[in-house]
Amino acid sequence: AAWNRMATTGKVDSTWTRVSGALKKTVHFSSYSKALTFANQVNEMSSELDHHANMTFSHRCIDGCDVDMEFFTFESNSVTDKDYLAASKVDQLLEVREGANGLEPEAILMSDYTYDLKLESIAKYPAHPRGSSKMIRVDEHGEISHYDNFEDSFYSLVKGSHMVFNESKVANARVSVVRDGTGTRGSPLEMMILDLGNGMASPANALRLNVMLRQEGVQLGDVFTAERNSPNTATFHVVKVIGPWIEDEQSNGNGTEVIVECAMDPGDMSLEDMLDMVGTVPIPPYLDREAEDSDSKNYNNVYASAAGSVAAPTAGLHFTENLLLKIGAENISFLSLHVGAGTFQPVVAENAHDHAMHGETFAVSVGELRRITAALESGKRLVVVGTTSSRTLESLYWIGVKKIAAIGSGELELGQKEWMDLKELAKDIEPETALNAVMGGLKDTDSLSGRTHLMITPNQYKFQVVSELVTNFHAPDSTLMLLVSAFLESGSKVKSVYEEAQNRGYRFLSFGDVCFFSKPCK
C-alpha cells in the first residue's frame, strides 16, 4: 500500500512511477507560465546530459497546469541508469522553483506526514451498533482524552455549539465490466467512477464519465459492458485516455484513468437509475472484501440525502438519529460536497506540492449558510463534521474573498493553490464577512453550487472558518493527513496521537473510530 513509503524515502523510485518501461512523473504548477519556466529548466538540464524528457502540458484553467514527464532509453527500450540520473536532476530542480511572489513555499515532504499503519488496525466493518465507536479528543491546549463510546460522550462536549454536516449520499459507483470487441469477452474488471458531480439526474445515454479502469494499457476506442445488465444493457466507450491511476507505489499503477461515454439500451434512464442497476457500493479497496448488502446502509450517514459521492463522508457514520435529536435541529446545518475518489487517492509525489487534486462539486442552500454565518457572528462554537465539510466551508471563505476583491468570473470555483495568491487580500476579512459576500442579496431558498480543488497543507494553510473538527483516522500519504496536520498545526502531534491510538486498540480508516480535534489556541 502507499503507506509503505517510509521504506523508500529519498529514492527516485518513491517520487516517480515505472509504467510500461518508462519513468513517469506529474508535476502541478499554479500557472501555465510557471510550468513553462520549469520545462525550459528541464530542457537545459537534459541538453547537458544529452538525455531529453518527453513532456506534455495539461492546462487546467483556474487550477493551473500539470506537466507530465517521461524518461526512457530508446536504445535499450527500457529504463536505465541514465533515466534515473535525469529523474534525480529534475527532483533537484523542483526543490526550489520560481513562484508568483519569489519562491514557492518550502517543500512538504510526505515522509514527514506518514506513519506505520498496522493491518490489524484497519476496521473492515463498522462499530455495532452505530455510534459505539471509541473517540480520542485533542483540545485547544493539546491535551488528549479517551472515550469508550462516542454516542454516550459526544453531546456533553458540544452542547451549545452549532454543527455542520455533509449530507451527500454514496452512489453505486463501482461497476464490474468486461472488455468487448474480439469475439470473446474478457475477464471481469473494476470500473470505478471518480467523480459524479451534479450528474446523477442526467440521462445516462451519451453521458461522459471520468472513471478508473483497473487495468493497464486501456486504449482509445475500447468498449466495456457492465456484467449486471438485466433488463437493460449498459456499455462504456473509451473516448479519452488520461493516464495511469496510481493507488500503490509498488504496483506501477493500479489502473488507467479515462473518460467513457455511456450507452444504454433502452436509453431512457437517469445515471442514478443506471448505477442502481449495474453498480455496487464503492467500499474502499483496502477493506479487502466484496461489498455486502449491509454496506448500502452502513457506508452511508443516517442523514444522507441526494446521491453524488463515490466515497462516504465517513466522519458522519458515528452519528445516530437519537444523537442528532439530542443536538437539536436548530443547532445543525447541512451542506453537500460530493466526494470524489481524488480525496482519498494517495499522494505518491514526495513533495506534496507536486500532487494534483481532483475537483469536487459542492452545494449549500443560502438559508443554511446564513445560519452558519449567524453562529459565527454570535460567537457560537462551530463544530464541523468531516474533512469534506471543512474543505467546503474553507473554500467558500476564499470564494468570498475573491468576490470582495472583484477577482475572477464570479463563478463559485477555487483552484488547488489559489488561496496562496489571496492571503494578503484576506488579512482583514473575517469569516462571516466572506461568507456574507458569497450570499450577496440571495434569498434563503436559493442554492449555491460550485467546485473546489482546495488542497490544505501544513506549515502554510491557516484555517479561516473551522475551529473544531470531527474526523476519522486517515491513511498515511493521503491529503487528509496533510489537512489534519495543518489543523493541529503539527504533523508530529498527529503522528503521536495516531501512534497512541493504535497502541490503545483504536480502529482506523473509513469504518474506524473517531477523533474530535480543536484548533490550538494562541
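Leaving aside neighbours within four places in sequence, which residues is Thr 73 in contact with? In this predicted model, where contact means heavy atoms within 4.5 Å, the answer is His 51, Ser 78, Thr 80, Lys 82 and Asp 83. A word on the ground rules: local features need pLDDT of at least 70, side-chain atom pairs count only at pLDDT 80 or more, and totals for chains, interfaces and linings use all residues. Residues are numbered from 1 along each chain as its sequence is written, and side-chain values use heavy atoms, with hydrogens and water left out.

Thr 73 sits in the loop that links β4 (65-71) to α2 (81-95); helices (H or I, at least four residues) and strands (E, at least two) are DSSP runs, numbered from the N terminus. With a relative accessibility of 7%, Thr 73 counts as buried (under 20% relative accessible area, against over 50% for exposed and in between for partly exposed, with a 1.4 Å probe and protein chains only). Its side chain has two polar contacts to report: one of 2.6 Å with the side chain of Thr 80, and one of 2.8 Å with that of Asp 83. A polar contact here is a pair of N or O atoms within 3.5 Å; within protein, one must be able to donate a hydrogen and the other to accept it, and residues adjacent in sequence count only if both atoms are side-chain atoms.

Next comes the open sheet. Its 10 strands follow the order β8-β7-β25-β24-β21-β9-β19-β20-β23-β22, with mixed pairing; two strands pair if DSSP finds at least two bridges between them. β8 (144-147) and β22 (413-414) are the edge strands, each with a single partner, so one side of each has no neighbour in the sheet. At the β8 edge, β7 (residues 135-138) runs antiparallel to β8 and is joined to it by four bridges, with Ile 136 opposite His 146. These two strands make a hairpin with five residues between them, and Gly 142 in the turn shows a positive phi of about 85 degrees. Elsewhere in the sheet, β9 (residues 162-166) and β19 (residues 332-338) run parallel and share four bridges, Phe 165 being partnered with Phe 334 of β19.

Helix α7 (residues 366-377) packs on this sheet, touching β9, β19, β20 (360-365), β21 (382-385) and β23 (447-452), and its direction makes about 80 degrees with that of β20. Helix α11 (residues 479-487) lies across β24 (468-472) and β25 (514-518), at about 150 degrees to β24. Axes are lines fitted to C-alpha atoms, for helices over the stretch in contact, and angles run from 0 to 180 degrees between N-to-C directions.

Strand β11 (residues 174-179) has several antiparallel pairings. Two bridges join β11 to β17 (residues 279-280), four join β11 to β12 (residues 189-195), and three join β11 to β14 (residues 223-226). Arg 174 is partnered with Thr 280 in β17 and with Met 192 in β12, while Val 177 is matched with Ala 226 in β14.

Finally, α8 (residues 387-404) and α10 (residues 431-439) pack at an angle of about 75 degrees, their axes 7 Å apart. That makes α8 roughly perpendicular to α10 (65 to 115 degrees; under 35 is roughly parallel, over 145 roughly antiparallel and the rest oblique). Among the residues making the contact are Leu 393 and Tyr 397 of α8 and Pro 431 and Leu 435 of α10.
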